[in-house]
Amino acid sequence: MSDTVLVTGATGYIGAWLVQDLVHRGYHVRGLSRSQEKADVLKQLIPEVEMYVGNIMDPASVKPALDGVDGVFSVATAVDPNAQDAATWRSDMAKEIDTWFTAIAAQPTVKRVIMTGSESAMGWGDNDKAVYNEDDWSKVDDPHQYDAYIILKAVEEKLAWDFAHDPSKNVNQFQLSVSLVSGIVGPALTPWSIHHSSPLSFLSGPSVPDFKFYASDVRDVAAQHVALYENPEAVDKRVLMNNLVARVSTVAELAKQLPLSEQQVLFPNGIATVLDAKVLMPVLNLSYSYAVVTKNLARHVGGQYTYQSLYPQLYRYQYTDFVQSTLDGLRLAARQLLTSNASL
């Protein structure tokens, strides 16, 4: 493939694998990072990538990276859901999508945009459904009853679709596809990305309710992004990414199988205690990061829902063993941390 493509968030958990996949498939790959230091490290890992430093909220800084590209993989987001209130998130996200997508639309060579979205925009909110697919949207109208990240991803994606379908804004008519990513497991190429994997985020606190969750291996997530770019059938679609199903208690048991030295470096405060969520339900409050509303959390805890993609033909998963993917990620993260500590 001779296309020139840009990957934002190129030094991140998904982005680094995506850059590597694209290079291996023969693309001319540009990577965008906000950090020169991280850009230099990725360049050492993947010499074929052409790295740029810029911020998607600053059109002048990203213009050199965008000039002449055929496609954009929009992996990064600049809005921090932990820093602000819900009304400000919406305002900032509207500004981000308008600024970034206007910069993309100004490039007449750009024909395809693949955006990293989230299952949070599809399967959350008090919808009372047993089966979800890509036609569903999370209901996030009440900012006081929904987790910040879920609001953020739902608002972000709707704004992106509105822009793409507005000919007065999308002046060169780039085509959009969105990957709805669930939890992510598997190894990180870049050492600073290790704590973005679901197992580490779930088990880093003192305690966590046991609940069912969906995930995919990060290597599949990257490969699916490429598949969406290459397949005309994916144009104008949001496509679910979640082939692995597990519970938090399963992850905790896997973590305890690691050597003690690896457990200690991954979880310096100990592996979180997994508690019976049914006992906790009456006392859970909305500050708990996975609680959307009590009723919604109860569905997730009880596993009273499932996902069924409308487009299974668009990607064939390569990593189908949750245990192996999780252990691969935990073991590599431990090795990276132990090596880093030894070098201090």
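**Exercise 1. The sheet**

In what order do the 7 strands of the open sheet stand, and is the pairing parallel or antiparallel?

*Solution.* Keep in mind that you're looking at a predicted model.
- Step 1: Trace the open sheet from one side to the other, and you get the order 3-2-1-4-5-7-11.
- Step 2: Check the directions: the pairing is parallel.
- Step 3: Look at the ends of that order. Strand 3 (50-53) and strand 11 (238-241) each have a single partner strand, so one side of each has no neighbour in the sheet.
- Step 4: Now add the twist, which averages 20° from one strand to the next.

**Exercise 2. The two edges**

Find out how each edge strand is held to its partner, and name a bridge pair on each side.

*Solution.*
- Step 1: Start with strand 3. Strand 2 pairs with it in the parallel sense, over 4 bridges.
- Step 2: Pick a residue pair there: arginine 30 has glutamate 50 in strand 3 as its bridge partner.
- Step 3: Follow the chain between these two strands. Strand 2, helix 2 (residues 36-45) and strand 3 make up a β-α-β unit, and it's right-handed.
- Step 4: Move to the other edge. Strand 7 (residues 175-181) and strand 11 pair in the parallel sense over 4 bridges.
- Step 5: Pick a pair here too: serine 179 is matched with valine 239 of strand 11.

**Exercise 3. Side chains on strand 11**

Which residues of strand 11 point one way, and which the other?

*Solution.*
- Step 1: Recall the rule: in a regular strand, side chains alternate between the two faces of the sheet.
- Step 2: Apply it. Arg238 and Leu240 go one way, while Val239 and Met241 go the other.
- Step 3: Check burial: all of them are buried.

**Exercise 4. Helix 1 and the cores**

Work out what helix 1 lies across and what it gives to the core.

*Solution.*
- Step 1: Find helix 1 (residues 13-24). It lies across strand 1 (4-8), strand 2 (28-33), strand 4 (71-74) and strand 5 (112-118).
- Step 2: Get its direction: helix 1 runs at about 165° to strand 1.
- Step 3: Turn to the largest nonpolar core, a set of 65 residues in which Leu203 and Leu266 have the most contacts. Helix 1 gives the most to this core, with 8 residues.
- Step 4: Zoom in on leucine 203. Beyond its neighbours within four places in sequence, its contacts include Val248, Phe267 and Ile271.
- Step 5: Don't miss the second, separate core, which has 42 residues, among them Val140, Ala164, Leu176 and Leu240.

**Exercise 5. Two positive phi angles**

Compare glutamine 173 and aspartate 236: where do they sit, and are they exposed or partly exposed?

*Solution.*
- Step 1: Read phi. For glutamine 173 it's near 55°, and for aspartate 236 it's near 65°.
- Step 2: Place them. Glutamine 173 is in the loop between helix 5 (148-164) and strand 7. Aspartate 236 is in the loop between helix 7 (218-230) and strand 11.
- Step 3: Sort by accessibility. Glutamine 173 is at 59%, so it counts as exposed. Aspartate 236 is at 43%, so it counts as partly exposed.

**Exercise 6. Where to be careful**

What is the mean pLDDT of the protein, and over which residues is the pLDDT below 50?

*Solution.*
- Step 1: The mean pLDDT is 86, with 84% of the residues at 70 or more.
- Step 2: The pLDDT is below 50 over residues 285-295. That stretch does have 29 contacts in the model beyond near neighbours in sequence.
- Step 3: Take care, though: where pLDDT is low, the predicted coordinates shouldn't be read in detail.

Notes
Residues are numbered from 1 along each chain as its sequence is written. This is a predicted model: local features need pLDDT of at least 70, side-chain atom pairs count only at pLDDT 80 or more; totals for chains, interfaces and linings use all residues. Side-chain values use heavy atoms; hydrogens and water are left out. Two strands pair if DSSP finds at least two bridges between them. Axes are lines fitted to C-alpha atoms, for helices over the stretch in contact, and angles run from 0 to 180 degrees between N-to-C directions. Contact means heavy atoms within 4.5 Å. A crossover is right-handed if, with the strands pointing away from the viewer, the path from the first strand over the helix to the second runs clockwise. A nonpolar core is a set of buried Ala, Val, Leu, Ile, Met, Phe, Trp, Tyr and Cys residues joined through side-chain atoms within 4.5 Å. Buried means under 20% relative accessible area, exposed over 50%, partly exposed in between (1.4 Å probe, protein chains only). pLDDT is the predictor's confidence in each residue, from 0 to 100.
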